[in-house]
Amino acid sequence: MTGFVSRGFKGRRRSGGPEGRVPPGQYVTDDFPVLSAGPTPHTPLEDWSFTIRGGGEPVSWSWEEFRALPSETVTVDIHCVTKWSKLDSVWEGVRVDTVLEAVEHDAAYLTAFCDGGYTTNLPIEDVTDGKAWVAFGFDGEPLEPEHGGPARLLVPHLYFWKSAKWVRGLELRDEDEPGFWESNGYHIRGDPWLEQRYWGD
Ligand SMILES: Nc1nc2c(c(=O)[nH]1)N[C@H]1C(S)=C(S)[C@@H](COP(=O)(O)O)O[C@H]1N2
Ligand SMILES: [Mo]
């Protein structure tokens, strides 16, 4: 009997409906709310660069150089700590693996830094092996400034505050250093499936 029930349950979870795709405590929305801790920066593309520092000599790309890197289109579910989830959002971006290939490093963590001063911290494992992107497109269009354009981090398997908008680079580090929200009560890692919302979760 137990076996039958659990087989049926698994079958439903695999059928593509929202069950099994929505982490605990989240609801699905078709909207794309804007959540920013400060004003939207508007850095002109000619002044924009993307830099990796902390792994020997810093490496930088201009916008043109960055856009010449291999990129891909991905369809992912995103989960905000304020409890909305958006399924099947379509992004275009450069894999974090691709930019990290440019430096030799043995860092265990990184801090993403942004125009406007926002930061967020991540273990290297959470941004490598095709799990994270520097995204510049959304829904087939250039990423809007309100949503982080010209480019933002996209780390869909963690709560969306880790997906730093207006990202300008990654700082490699040996130790995990809390970023903006992580210093203000949010969980150091933020796995939505474990409901790691706040300190102590
Ligand atoms: N630079 C920057 N990135 C940021 C934020 C921010 O305030 N500044 N807010 C974070 C939070 S809390 C969330 S939920 C998402 C919201 O992204 P959205 O406005 O595109 O929905 O961006 C994250 N990235
Ligand atoms: Mo958020």
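**Exercise 1. How much space lies in the largest pocket, and what lines that pocket?**

Ground rules: this is a predicted model, where local features need pLDDT of at least 70, side-chain atom pairs count only at pLDDT 80 or more, and totals for chains, interfaces and linings use all residues. Residues are numbered from 1 along each chain as its sequence is written, chains are lettered from A and ligands numbered from 1 in the order in which they are written, and side-chain values use heavy atoms, with hydrogens and water left out.

Step 1. A pocket is an open set of points on a 1 Å grid over the protein atoms alone, where a 1.4 Å probe fits, with protein on both sides within 12 Å along at least five of seven lines.

Step 2. Set probe spheres on those points and take the space they fill: you get about 490 Å³ for the largest pocket.

Step 3. Now collect the lining, meaning residues with an atom within 4 Å of a point. There are 28, and Leu-35, Ser-36, Ala-37, Tyr-118 and Trp-181 lie nearest the centre. Sorted by class, the lining has 18 nonpolar, seven polar and three charged residues.

**Exercise 2. Work out how the protein holds ligand 1.**

Step 1. Ligand 1 takes the space of the largest pocket (more than half of its atoms lie within 2 Å of the grid points).

Step 2. Count neighbours with a heavy atom within 4 Å: 19 residues surround the ligand, with Pro-33, Ala-37, His-147, Arg-152 and Lys-165 the closest. That shell splits into 14 nonpolar, three polar and two charged residues.

Step 3. Look for polar contacts (N or O pairs within 3.5 Å). Polar backbone atoms of Leu-35 and Ala-37 sit 2.8 Å and 2.7 Å from a ligand oxygen, respectively, while a polar side-chain atom of His-147 lies 2.6 Å from a ligand oxygen.

Step 4. Check burial by Shrake-Rupley with a 1.4 Å probe: the protein covers 97% of the 530 Å² that the ligand has accessible on its own.

**Exercise 3. Find the backbone oddities in two loops.**

Step 1. Gly-149 and Pro-150 are joined by a cis peptide bond, omega about 15 degrees; Pro-150 is in the loop between strand 9 (141–142) and strand 10 (152–154).

Step 2. Trp-166, a non-glycine residue, has a positive phi near 55 degrees, in the loop between strand 10 and strand 11 (167–173). Strands here are DSSP E runs of at least two residues, numbered from the N terminus.

Terms used
Polar contact = N/O pair within 3.5 Å; in protein donor to acceptor, adjacent residues only side chain to side chain. Nonpolar A, V, L, I, M, F, W, Y, C, P; charged D, E, K, R; others polar. Helix = DSSP H or I, 4+ residues; strand = E, 2+ residues; numbered from the N terminus.
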